[in-house]
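Me: I should like to understand how the descriptions of this structure are justified. Please take the terms in turn and set each against its criterion.

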Amino acid sequence: MSSRKIIGAVFIIGAFAGGLYLGSSQNAVPVITNSASGASYGGGYDKSADKDVQQSGKTSAVAERTVVGKTHIVNDGDTIMAAVQAAKPGDTIQVMPGTYHETVYIDKDDIRIIGVIKEGKRATLDGKGILNDAFLYSGNNFVVENFLITKYKGNGVMGQAGNNFEIRNNIIVDTGVYGIFPQLGKNGIVEYNVISGIEDADIYVGMSDNIHVAHNDVFDNVAGIEIENSRHAIVENNNVYNNTGGILAFITPGLPIKTTYDVIIRNNFIYNNNHKNFGAPGSMVGSIPAGTGILIMASDDVIVENNIITGNKTVGILITDHENAPGVTIDPESDPSPDGIKLLNNLMHNNGYDTIDDIKALMLTEFKQGSPDIVRVGSSRDSCIINRHRYVTVGVNSWQECEFTNTDSIDTYLLDEPVPPRIIDPSERGKVVYNGVCAGCHTYTGRMIGPPIQIIQALYMDNPQGIADYIASPIKKRADYPEMPPQNYLDEKTRLATAKYLLERTK
Ligand code: HEC
């Protein structure tokens with residue numbers, strides 16, 4: 001996540017007031033479009049062009065097992081980690097109800113960790129406010145289901161470069177920074193999880209592809225669901241309420257992957273996301289104005305369809321580019337404008353009833369009154385909307401009518417076959433860990449969760465060993481930053497390779 005202090009702050013009004021045609025729609029007969037008929041969006045994803053995809057038929061993210069491995073049973077009092085160490089690819093670990101205080105690292109492929117729910121009692125991972133992460137996986141074909149996860153400082157479930165994953169039916173409460181955070185993964189499902197009380201994002205899909213986020217219940221967090229620097233994602237049938245911001249699709253500049261596009265946000269309930277912002281000061285979500293239903297920043301081809309968006313006090317849908325998001329360092333390799341945004345039918349009601357001054361000022365430029373459902377600020381090319389007359393809008397008068405009215409022809413962006421694991425050459429280790437782990441909290445020039453890499457380079461110039469040692473057991477150094485979580489699950493060689501790679505960075 002990033003240090004961009006966007007969204008709450010001042011929008012540059014002139015930047016888009018130029019493109020208006022004032023008042024001319026006042027008496028025009030609205031174009032009423034029926035979304036039950038008409039053309040369907042064809043999607044921005046061409047499977048046949050993806051080299052990772054072998055053609056033919058399955059739908060789940062994880063490979064069907066041809067050989068069924070062993071089942072390891074973990075009883076209350078044992079550790080899950082011991083079972084993971086004993087397990088071979090293809091094995092299943094069943095965890096009986098009980099309370100487990102540990103961090104579980106899974107770097108093997110084909111491991112399934114299934115909590116056994118007995119008469120409502122779950123296997124519970126309790127970080128006691130001391131441990132950083134509950135599950136940390138880098139293996140491929142990983143499944144984690146049915147846990148209750150609470151009181152960790154960092155993440156409930158975090159993935160680093162694991163492909164084909166299923167994170168399902170977990171309850172994650174009162175747990176640190178991210179509830180579920182797959183990073184740099186391809187082909188994954190996050191569904192039927194209940195998540196609340198998270199300081200940054202509940203479900204944070206970062207630098208990933210072909211992701212399905214569905215049927216989750218997310219509330220009382222800062223950000224509900226975030227799709228960041230990711231492509232081909234569907235977010236559907238989620239219940240998203242009482243967060244600061246509901247569903248976010250955006251680009252954080254400065255990360256190694258530069259784009260977010262082809263995101264469908266449909267059939268979600270997104271209501272009363274008015275929670276006071278309790279995010280870390282300086283983090284991107286820390287500056288989202290409370291009361292934002294959907295935020296689209298710099299992402300392309302985001303389709304918003306059939307959501308019920310009500311009671312979000314600042315705005316129902318906010319669309320912005322990077323330029324109008326003060327505090328964002330523009331990344332020359334990321335296109336800052338949200339292009340090809342497609343707003344199809346949504347039920348919007350009672351949004352923007354207590355909006356911020358910047359939005360009020362924008363409304364004045366269009367002589368708009370009432371409470372804003374949809375606000376667009378900054379540039380946005382080739383975007384479209386249907387039935388715009390239904391909403392109080394700012395900045396979409398010049399948008400086209402969409403050429404299609406629904407996304408019915410796209411069921412999923414999951415791949416027909418699980419993708420092969422990433423093969424990591426030993427010489428690439430440092431790079432992979434840096435991009436997969438460190439880049440989640442550090443960028444080259446800006447403040448993120450951790451200090452800028454430039455600063456770290458100045459401190460450790462010719463001393464990669466010093467970094468390797470620090471990250472194994474970090475000590476708190478800066479009063480205005482949180483503690484850095486220990487990276488001691490990485491072996492000595494990998495830590496050193498990562499440190500060297502970090503010191504060589506020039507951007
Ligand atoms: C979850 C967020 C997070 C991740 C992931 C992370 N860091 Fe950090 N890092 C921090 C924070 C926060 C600090 C500041 C800690 C402080 O000053 O007390 C920090 C500080 C540092 C420092 C400064 C040490 C000093 O002496 O001032 C180094 C070096 C560092 N991180 C390296 C890394 C490397 C290498 C990785 C990847 C393996 C990494 N970090 C991953 C959050 C993170």
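**Sheets, helices and the ligand shell**

Reply: In this predicted model, 11 strands form an open sheet with parallel pairing, in the order 4-7-10-13-16-19-22-25-28-31-33.

Me: Why do strand 4 and strand 33 stand at the edges of this sheet?

Reply: Strand 4 (104-106) and strand 33 (393-394) each have a single partner strand, so one side of each has no neighbour in the sheet.

Me: How do you know that strand 13 and strand 16 pair?

Reply: Pairing requires at least two bridges between two strands. Strand 13 (residues 178-183) and strand 16 (residues 201-206) have 3 bridges, in the parallel sense. The criterion is therefore met. Within this pair, I180 stands opposite I203 in strand 16.

Me: What makes helix 3 a neighbour of the sheet, as it packs there?

Reply: Helix 3 (residues 357-365) touches strand 28 (315-320), strand 31 (374-377) and strand 33. The direction of helix 3 makes about 85° with that of strand 31.

Me: How do you know that strand 16 pairs with strand 19?

Reply: Strand 16 and strand 19 (residues 223-228) share 5 bridges in the parallel sense, and the requirement is at least two. In this pairing, A201 stands opposite A223 in strand 19.

Me: Why is strand 16 called mostly covered?

Reply: A residue counts as buried if 20 or more other C-beta atoms lie within 10 Å of its own. In strand 16, 6 of its 6 residues are buried, and the strand is therefore described as mostly covered. For the protein of 507 residues, the buried share is 52%.

Me: What is the strand order of the open sheet of 10 strands, and which are its edge strands?

Reply: The order is 3-6-9-12-15-18-21-24-27-30, with parallel pairing. Strand 3 (98-100) and strand 30 (347-349) are the edge strands, as each pairs on one side only. On average, neighbouring strands of this sheet are turned by 10° against each other, direction ignored.

Me: How do you know that strand 6 and strand 9 pair?

Reply: Strand 6 (residues 123-126) and strand 9 (residues 148-150) pair in the parallel sense over 3 bridges, where at least two are needed. L125 has I149 in strand 9 as its bridge partner.

Me: Why is helix 4 called roughly perpendicular to helix 7?

Reply: Helix 4 (residues 429-436) and helix 7 pack at an angle of about 75°, with their axes 7 Å apart. Angles of 65 to 115 degrees count as roughly perpendicular, and helix 4 is therefore roughly perpendicular to helix 7. The residues of this contact comprise 5 nonpolar, 3 polar and 3 charged.

Me: Which residues bring helix 4 and helix 7 together?

Reply: From helix 4, R429, G430, K431, V433 and Y434 meet T494, A497, T498, K500, Y501 and L502 in helix 7.

Me: What makes up the shell around the ligand?

Reply: The shell has 17 nonpolar, 6 polar and 4 charged residues. Of the 27 residues around the ligand, C438, C441, G450, R478 and M484 come nearest. Helix 5 (453-460), helix 6 (464-472) and helix 7 (492-504) are the elements that give two or more residues to this shell.

Me: How many helices and strands does the protein have?

Reply: The secondary structure comes to 7 helices and 34 strands.

Terms used: Residues numbered from 1 in each chain as written. Predicted model: local features only at pLDDT ≥ 70, side-chain atom pairs only at ≥ 80, totals over all residues. Near = placed C-beta within 6 Å. Helix = DSSP H or I, 4+ residues; strand = E, 2+ residues; numbered from the N terminus. Nonpolar A, V, L, I, M, F, W, Y, C, P; charged D, E, K, R; others polar. Axes fitted to C-alpha atoms, helices over the stretch in contact; angles between N-to-C directions. Parallel < 35°, antiparallel > 145°, perpendicular 65-115°, else oblique. Contact = placed C-beta atoms within 7 Å. Buried ≥ 20, exposed ≤ 12 C-beta atoms within 10 Å, placed from the backbone.
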